[in-house]
Amino acid sequence: MTITQDSSAPLVAVVGATGAQGGSVVKALAESNKPYRVRGFTRDSTKPAAQKLVAQGVDVVDVSLVLDNVKNVFKAFEGANMAFLMTAFMVHLDAERETAEGKMMIDAAKAAGVERIVWSGLSNVTKISGGKYTHVVNFDSKALVTDYGRQSGVPFVDVQAGWYASNFMNPGQCPVKRPDGTFAIRLPVTPTASFPIIDAERDYGLYVVHVLEAAVFPDGEEVRTGEYLTMEEIALQLSQATGKQIVIDPMPMDQFEKEMTAMGLPPVLVLDLTDAYSAVGEFGYYGGKASPSVEGLFRTPTSWFEYAKTADWSKVLA
Ligand SMILES: NC(=O)c1ccc[n+]([C@@H]2O[C@H](COP(=O)([O-])OP(=O)(O)OC[C@H]3O[C@@H](n4cnc5c(N)ncnc54)[C@H](OP(=O)(O)O)[C@@H]3O)[C@@H](O)[C@H]2O)c1
């Protein structure tokens with residue numbers, strides 16, 4: 001089924017349609033066997049990712065989802081039947097702003113009369129850790145939006161994104177070459193620490209569409225996504241998939257902090273990352289809640305092994 005213009009089909013407003021999560025939601029809506037009209041938001045409809053959406057039949061709307069543009073934000077949601085909402089913390093690294101913008105989107109979707117909201121939240125790490133880790137601000141800020149959404153009166157589900165498989169391509173997180181030619185993943189976590197790995201671009205939307213299509217919308221629930229693997233398993237499968245020898249060589253936290261600072265990361269992000277790795281190691285990415293389930297998804301999500309096998313590692317594992 002492709003995206004339709006038929007006015008009898010529900011209209012889904014998708015925030016971040018040109019990005020990983022929103023793009024994945026559009027992809028899954030297009031893959032579903034049910035018809036949808038899709039409205040995708042961007043700040044620049046001329047960019048290639050937006051034009052690709054236009055070619056797929058998405059109604060691409062230029063709107064910046066920021067507080068001083070609130071009138072246009074409300075207008076942008078008008079007529080929508082369902083909404084997928086997310087926030088892009090890395091754009092500004094401002095937790096208060098992230099929470100405020102998330103709440104504004106909920107207000108706008110509510111004012112438009114949407115019947116279902118799916119929100120991309122994350123756990124409240126301060127709560128999960130009993131106050132031990134208070135600097136994972138991009139998690140906590142999203143959790144505050146979740147609390148607000150649950151009280152909004154609009155049926156609301158939080159679909160939490162797992163740890164992106166693509167993170168292992170990024171500087172500071174990717175395997176590094178050692179003098180003997182082998183590679184090491186040098187993160188400040190033990191080899192037994194578990195991460196719910198997801199190919200966000202390909203698969204996050206599967207979970208969102210599953211929820212949007214539920215016969216009984218699971219109002220108030222939290223959906224967790226990804227394939228739980230230990231760091232050891234991640235390294236082993238990456239080795240098997242690429243033919244390179246990759247091991248886990250945990251970096252002491254103080255060294256990690258220094259390296260992130262030397263890479264030019266702002267202090268708020270260095271603190272966020274160091275507390276995040278500590279908290280995931282001690283309390284789990286989802287705070288010890290049940291592992292993600294793939295039951296009912298209309299397609300099996302990509303496994304880490306499949307991702308590792310098909311991704312282009314030529315720059316990372318050279
Ligand atoms: N990396 C991970 O492992 C991980 C795991 C879980 C959750 N997360 C969270 O995922 C979020 C990022 O999602 P993503 O990966 O989908 O991001 P992404 O690929 O960087 O895309 C960001 C999207 O947000 C849109 N956007 C940004 N500012 C906007 C604004 N002012 N108005 C309208 N649209 C705006 C962008 O649209 P245009 O540029 O086209 O305007 C783009 O579509 C972050 O909040 C992060 O904390 C990440």
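Let me start with a term: a residue is called partly exposed when its relative accessible area falls between the buried range, under 20%, and the exposed range, over 50%. E282, with a relative accessible area of 42%, is therefore partly exposed. Keep that scale in mind. Also keep in mind that this is a predicted model.

Now, salt bridges. Side chains of opposite charge can pair when their charged atoms come close. How many salt bridges does the count come to? It comes to 11. I will take you through three of these pairs.

Start with E282. Its partner is K132, and the closest N and O atoms are 2.8 Å apart. K132 sits in the loop between α5 (125–128) and α6 (137–150), and E282 sits in helix α10, so the pair ties together parts that are 150 residues apart in sequence. K132 has 48% relative accessibility, so K132 counts as partly exposed too.

Next pair: E31 and R299. Their side chains meet in a salt bridge, 2.9 Å from N to O. Look at where they are. E31 belongs to helix α1, residues 20–31. R299 is in the loop between α10 (267–283) and α11 (304–310). The two are 268 residues apart, so this pair links distant parts of the chain. E31 is partly exposed at 31%. R299 is partly exposed at 24%. And these two have company: K27, E31, D203 and R299 are linked in a network of salt bridges.

Third pair: E222 and K289. Here the closest N and O atoms are 3.1 Å apart. E222 lies in strand β11, residues 222–224, and K289 lies in the loop between α10 and α11, so parts 67 residues apart in sequence are tied together. Is E222 buried or exposed? At 18% relative accessibility, E222 counts as buried. K289, at 43%, is partly exposed.

Now a sheet. Strands of a sheet pair through backbone hydrogen bonds, either parallel or antiparallel. Here, 3 strands form an open sheet, in the order β7-β10-β12, with mixed pairing. Which strands stand at the edges? They are β7 (163–164) and β12 (227–230). Each has a single partner strand, so one side of each is left without a neighbour in the sheet.

Zoom in on β7. It runs parallel to β10, residues 194–198, and 2 bridges join them. W163 has I197 as its bridge partner in β10.

Last stop: helix α8, residues 231–242. This helix lies across β10 and β12, and runs at about 95° to β12.

Key
Residues numbered from 1 in each chain as written. Predicted model: local features only at pLDDT ≥ 70, side-chain atom pairs only at ≥ 80, totals over all residues. Heavy atoms only, no water. Salt bridge = Lys/Arg side-chain N within 4 Å of Asp/Glu carboxyl O. Helix = DSSP H or I, 4+ residues; strand = E, 2+ residues; numbered from the N terminus. Buried < 20%, exposed > 50% of the residue type's maximum accessible area, 1.4 Å probe, protein only. Pairing = 2+ DSSP bridges. Contact = heavy atoms within 4.5 Å. Axes fitted to C-alpha atoms, helices over the stretch in contact; angles between N-to-C directions.
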